[in-house]
Amino acid sequence: MNWTVRSASTADIGILVELRAVVMRPDLERLGRFDPHRVRQRFRDAFRAEHTSVIESGGAVAGCVALRPAADGPWLEHFYLSPGVQGRGLGSAVLGALLERTDAEGAAVRLNVLQGSAARRLYERHGFTVESEDPVDVFMVRAARSVPVRAAR
């Protein structure tokens with residue numbers, strides 16, 4: 001699947017808010033926590049264009065991801081893919097590219113995922129482990145991997 005990533009702008013917030021609502025709904029309903037207003041407002045409140053990338057495939061918005069700087073290393077947030085592109089390797093490709101960047105910076109990456117979410121398997125395949133959990137969220141971390149140094153010629 002061909003894809004590109006571009007920097008988000010404030011003009012993207014409308015489509016990204018709706019993407020989050022669609023993607024999060026099944027897990028939030030399963031946990032008894034879906035509120036159509038709250039799911040959208042939480043994204044609006046946390047959205048920072050300077051930390052967010054829009055994923056495009058086939059000329060359309062396919063998803064988004066944010067990498068928010070923090071004292072303990074960047075937090076991977078708002079990683080949503082349109083249901084039509086899920087399960088086709090796009091999430092793994094995007095996550096792999098992000099982790100290459102954080103590895104080059106020597107940074108551990110943290111995230112949280114909802115209890116029971118299928119996304120947890122993606123994160124585990126990429127080396128994330130559980131730091132803590134509560135009845136709603138699983139908090140995970142991935143230590144930076146060493147990047148091989150290329151020999152000078």
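1. His78 sits in strand β4, where helices (H or I, at least four residues) and strands (E, at least two) are DSSP runs numbered from the N terminus. This is a predicted model, in which local features need pLDDT of at least 70, side-chain atom pairs count only at pLDDT 80 or more, and totals for chains, interfaces and linings use all residues. Residues are numbered from 1 along each chain as its sequence is written, and side-chain values use heavy atoms, with hydrogens and water left out. The thing to look at in His78 is its phi, near 50°, a positive value in a residue other than glycine. Most residues other than glycine have a negative phi. His78 counts as buried, at 14% relative accessibility; buried means under 20% relative accessible area, exposed over 50%, and partly exposed in between (1.4 Å probe, protein chains only).

2. Now the core. A nonpolar core here is a set of buried Ala, Val, Leu, Ile, Met, Phe, Trp, Tyr and Cys residues joined through side-chain atoms within 4.5 Å. The largest one has 21 residues, and Ile55, Leu76, Phe79, Leu95, Tyr123 and Phe128 touch the most other members. Two or more residues come from each of β3 (60–68), β4, α3, β5, α4 and β7, with α3 giving the largest share, five residues. Apart from this core lies another, of 17 residues, among them Val17, Met24, Leu28 and Ala49.

3. Leu95 is a good place to start tracing contacts (heavy atoms within 4.5 Å). Leaving aside neighbours within four places in sequence, Leu95 is in contact with Leu76, Phe79, Leu122, Tyr123, His126 and Phe128. His126 lies in the loop between α4 and β6 and is buried, with a relative accessible area of 16%. With the same sequence neighbours left aside, His126 is in contact with Ser92, Leu95, Gly96, Leu99, Arg142 and Arg145.

4. Arg142 turns up again with Asp103, a residue of helix α3. The side chains of Asp103 and Arg142 make a polar contact of 2.8 Å. By polar contact I mean a pair of N or O atoms within 3.5 Å; within protein, one must be able to donate a hydrogen and the other to accept it, and residues adjacent in sequence count only if both atoms are side-chain atoms. Asp103 is buried, at a relative accessible area of 12%.

5. Val109, in strand β5, is buried at 1% relative accessibility. Not counting neighbours within four places in sequence, its contacts are Leu67, Pro74, Leu76, Leu99, Thr102, Phe128, Met140, Val141 and Arg142. Its C-alpha atom is 19 Å from that of Ala49, 60 residues away along the chain.

6. On to the largest pocket, with a volume of about 1200 Å³. The search runs on a 1 Å grid over the protein atoms alone: a cavity is a set of points where a 1.4 Å probe fits but cannot get out, a pocket is an open set with protein on both sides within 12 Å along at least five of seven lines, and lining residues have an atom within 4 Å of a point. Grid points are joined across faces, edges and corners, and a volume is the space filled by probe spheres set on the points. The lining has 42 residues, of which Met24, Phe79, Tyr80, Ser117 and Ala119 lie nearest the pocket's centre.

7. Who supplies that lining? At least two residues each come from α1 (13–30), α2 (36–46), β4 (75–81), α3 (90–104), β5 (109–114) and α4 (119–125), and α1 provides the largest share, seven residues. The lining divides into 23 nonpolar, eight polar and 11 charged residues; Ala, Val, Leu, Ile, Met, Phe, Trp, Tyr, Cys and Pro count as nonpolar, Asp, Glu, Lys and Arg as charged, and the others, Gly among them, as polar.

8. Last, the β6 end. Glu133 lies in strand β6 and is partly exposed, at 47% relative accessibility. A polar contact of 2.9 Å joins its side chain to that of Gln115. Asp134 is in the loop between β6 (129–133) and β7 (137–142) and is partly exposed too, with a relative accessible area of 32%. A polar atom of the Asp134 side chain lies 2.6 Å from the backbone nitrogen of Asp137. Beyond neighbours within four places in sequence, Asp134 is in contact with Gln115 and Phe139.
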